[in-house]
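Colleague: Could you walk me through the reasoning behind the labels you put on this model? I would like to see each value set beside the rule it is judged by.

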Amino acid sequence: MKHTLAVLVENKPGVLTHISGLISRRAFNIESIAAGYTEEPDTTRITIVVEGNEIEQEQVVNQLSKLVDVIKISDLTAVESIQRELALIKVKASVHTRSDIINIVEIFRASIVDVGRETMVIELSGDETKIDALCQVLEEDHGIIEIVRTGKIALSRGPIPAKDQ
Amino acid sequence: MEITGAEAIIESLKNEDVDVVFGYPGGAVLTLYDALYKANFNHILTKHEQGAVHAADGYARATGKVGVVIATSGPGATNLVTGIATAYMDSIPLVAITGQVSVPLIGRDSFQEADIRGITTPITKHNYLVKKVEDLPGVIKEAFYIARTGRPGPVVIDIAKDVFAASLDYHYPKEVKLRGYRPVYAGDLGTIDKVFEELRLAKKPLLFVGGGVNLSDSSEELKSLIEQTGFPVISTLMGLGCIPFDHPQFLGMVGMHGTYAANMATTECDLMVGIGVRFDDRVTGLLDEFAAKAKIIHFDIDPAEINKNVLTHLRVVGDMKWSIPALYLRVQEVSSELKEHIVEWIEKVRVWQEEKSLRYELDTELVMPQAVVEKVSQLTQGDAVIVTDVGQHQMWVAQYYGFRNPRSLLTSGGLGTMGYGLPAALGAQAGLPNRTVILFVGDGGIMMNCQELAVAAEYNFPIKILIFNNQCLGMVAQWQRMFYGGRYSHTSLKGSTTDFVKLAEAMGVKGLRVSKPEELSRILEEALAIPGPVVVDIRIPEMLDVLPMVPAGARLDQMIIGGKEG
């Protein structure tokens, strides 16, 4: 099964290398990884989605915890959490197809962030399945030129932050 | 006080009680070497950076202190890689200080530039690249703290050349603040209670000890626990010496070349208590069948070792100095009850012990390697610091030396590094100048790093180097004989033109040779009596196998025993 881990790390050079190096040499199955700054300037938060059974998942957490720059890991799969991913999708769009694309975008509550003579760029945030669904419709009806996705980020509900869990 | 980065390193080493460093100078560390010179700091110059890092490792294993090695940037640093990986696999505390090109030159493929931080990331406990001189004291403090605490390991500090020359206001920090590194000392006492309950229930319990006991210097605590339980004990290669080999409860080494009793007890036990072990594949054999009838309890300082290879029933995470006495306190109350409970099991174990699986046939013409090891053990009363290289001789030493003391076997167990032995022996002798240090090495392994013989002579380290010369790469040849139809692809050294006695003499080391069994005692005694380093070239038979042996991937009780009653 999939686990979503919130990994709080020191905001120092080389930390991401340590983490990605560990993941590859221990042959862990990582589905996505997304990193960014947090409310504390010296802390970076990385959301990792890992695929595996309980034992494999425990190894990922234990091995990552051994890295000196990893401050805290919390498994957001076990708690109520909000999970989002951001995608930018460039679709083929002519004068004739634009209005249909706009309809689709509205239904998905996505937004159009760029329009050219032959293309439109759509921005959508949501969970993985929602993004997959939009991509499928756009690909089949209009054709996708390119996609970029951030990988999942996640935050627990309730007042307790990951660092205190 | 205002000093340079290089001086700050020297001051910090003094603050960490470092009494010797091993190393090799070069362009990027010129300023650091200048400071070593001015401070008249104790430095041992090896002939190769690989020699320096293994020496620092041997020093650390023998003394329990952190080993320190210095190398220059680029090739100097990359020559450390094998030694760092060796230390990492066996959890040895090292600090490796490497020079890096100057900050403005980093990333431009400059002369002698290598990304040693990137290269060593998978084989270090932690590593640093220092680009600002004011970071130095804190980084060095952290590096020593990380290297020696928790599960020990090597730490690399890569320092840009201009940092050595820059000046700073030096204060050595009193403490380390690391949000992400808080090694556990004491664990959960509730689990100790649960372990205790399992010990009382067990009918066929077995204690399984490893390198963690040696590394944490808790063999005294372990002995007390062992005696209170009455349980039989087996050991890994790295655990040898933490319980005396002739202790009545000790069944010997387990695994691929383990004893019959140890491997049978593992297969049949109903409770296995692993203490400071990591269930390596050379120990477990076929993993699914390893101790398959047993509940497994795992004591370790590293939570990531739990459930890594073998699924455990109970885990006790914490320092052995805490966990072993904690269990001892519980066991003490019911010592006689535990012993009564396992009478039948002990009888069964005794029968396995009767099967003397460590046996060999003496020969009138040929010098048997096992006999050499036994002779050395006898001459040194099992009290020497023994260093090995890797291969057949390593296993014969493990089987026949009869270790009595912790930290008395220095061997590359995890990585299995040929060429480790000679420099490690130098480092051990540097750390323990008054102990007898004996190196067992093959005729293959001695040629990897034989340049360090000159260091033994130059510093007059009185190590005794016993070369088991079978004119082949014995362990590989054994596998070729057993599993590759006797096709000895590139394992014969018969064409070798090297005369080890002359090689030793050329480097300033006394050289002796043993070719016949009747010479063995006399020459070994002569070698031990010489106050300086000695090489003894011992001609042993070519076609010997290390036995018993569990073929890779077989069950532990499917061992080949062989040999004849000795």
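Modeller: Gladly, starting with a strand pair. In this predicted model, five bridges join S6(B) to strand S7 (residues 154–160) of chain B, and the two run parallel. Within that pairing, Tyr128(B) stands opposite Ile157(B) of S7(B).

Colleague: What makes S6(B) and S7(B) a pair?

Modeller: Pairing requires at least two bridges found by DSSP. S6(B) and S7(B) have five bridges, so they count as paired.

Colleague: Why is S6 of chain B called an edge strand?

Modeller: S6 (126–130) pairs on one side only, and so does strand S3 (43–45) of chain B, which is why these are the edge strands. The open sheet they belong to has six strands in the order S3-S2-S4-S5-S7-S6, with parallel pairing. Its twist averages 20° from one strand to the next.

Colleague: Which helix lies across S2, S3, S4 and S5 of chain B?

Modeller: That is H3(B), running at about 170° to S4(B). Angles over 145 degrees count as roughly antiparallel, so H3(B) is roughly antiparallel to S4(B).

Colleague: What is the angle between H3(B) and H19(B), and why is the label "oblique" used?

Modeller: Helix H3 (residues 49–63) and helix H19 (residues 421–431) of chain B pack at about 50°, with their axes 6 Å apart. Roughly parallel would need an angle under 35 degrees, and roughly perpendicular begins at 65. The value of about 50° fits neither range, so H3(B) is oblique to H19(B). Their crossing is right-handed.

Colleague: Which residues make that contact, and how do they divide by class?

Modeller: On H3(B) they include His54(B), Asp57(B) and Tyr59(B), and on H19(B) they include Pro423(B), Leu426(B) and Gly431(B). The contact divides into 10 nonpolar, six polar and one charged. Glycine counts as polar here, so Gly51(B), Gly58(B), Gly427(B) and Gly431(B) are among the six polar residues.

Colleague: What does H19(B) touch in the sheet it packs on?

Modeller: H19(B) touches S15, S16, S17 and S18 of chain B, and its direction makes about 175° with that of S17(B). This is over 145 degrees, so the two are roughly antiparallel. Helix H18 (residues 392–400) of chain B lies across S15, S17 and S18, at about 135° to S17(B). That angle falls between 115 and 145 degrees, so H18(B) is oblique to S17(B).

Colleague: In what order do the strands of that sheet come?

Modeller: The six strands form an open sheet in the order S16-S15-S17-S18-S20-S19, and the pairing is parallel. S16 (409–410) and S19 (510–514) of chain B are its edge strands.

Colleague: How do you know that S15(B) and S16(B) are paired?

Modeller: Two bridges join them, and at least two are required, so S15(B) and S16(B) qualify. Val387(B) stands opposite Leu410(B) in S16(B).

Colleague: And the chains as wholes: how is chain B divided?

Modeller: The assignment gives domain 1 (2–169), domain 2 (189–354) and domain 3 (369–539). The centres of domains 1 and 2 of chain B are 38 Å apart, and six residues of domain 1 are in contact with six of domain 2.

Colleague: How many residues of chain A are in contact with chain B?

Modeller: There are 17 from chain A, set against 15 residues of chain B. H2(A) gives the largest share of the chain A side, six residues. By class, that side has five nonpolar, seven polar and five charged residues.

Definitions and conventions: Residues are numbered from 1 along each chain as its sequence is written. Chains are lettered from A and ligands numbered from 1 in the order in which they are written. This is a predicted model: local features need pLDDT of at least 70, side-chain atom pairs count only at pLDDT 80 or more; totals for chains, interfaces and linings use all residues. Two residues are in contact if their C-beta atoms, placed from the backbone, lie within 7 Å. Helices (H or I, at least four residues) and strands (E, at least two) are DSSP runs, numbered from the N terminus. Axes are lines fitted to C-alpha atoms, for helices over the stretch in contact, and angles run from 0 to 180 degrees between N-to-C directions. A crossing is left-handed if the near helix is turned anticlockwise from the far one by less than a right angle, and right-handed if clockwise. Domain bounds come from an automatic or database domain assignment.
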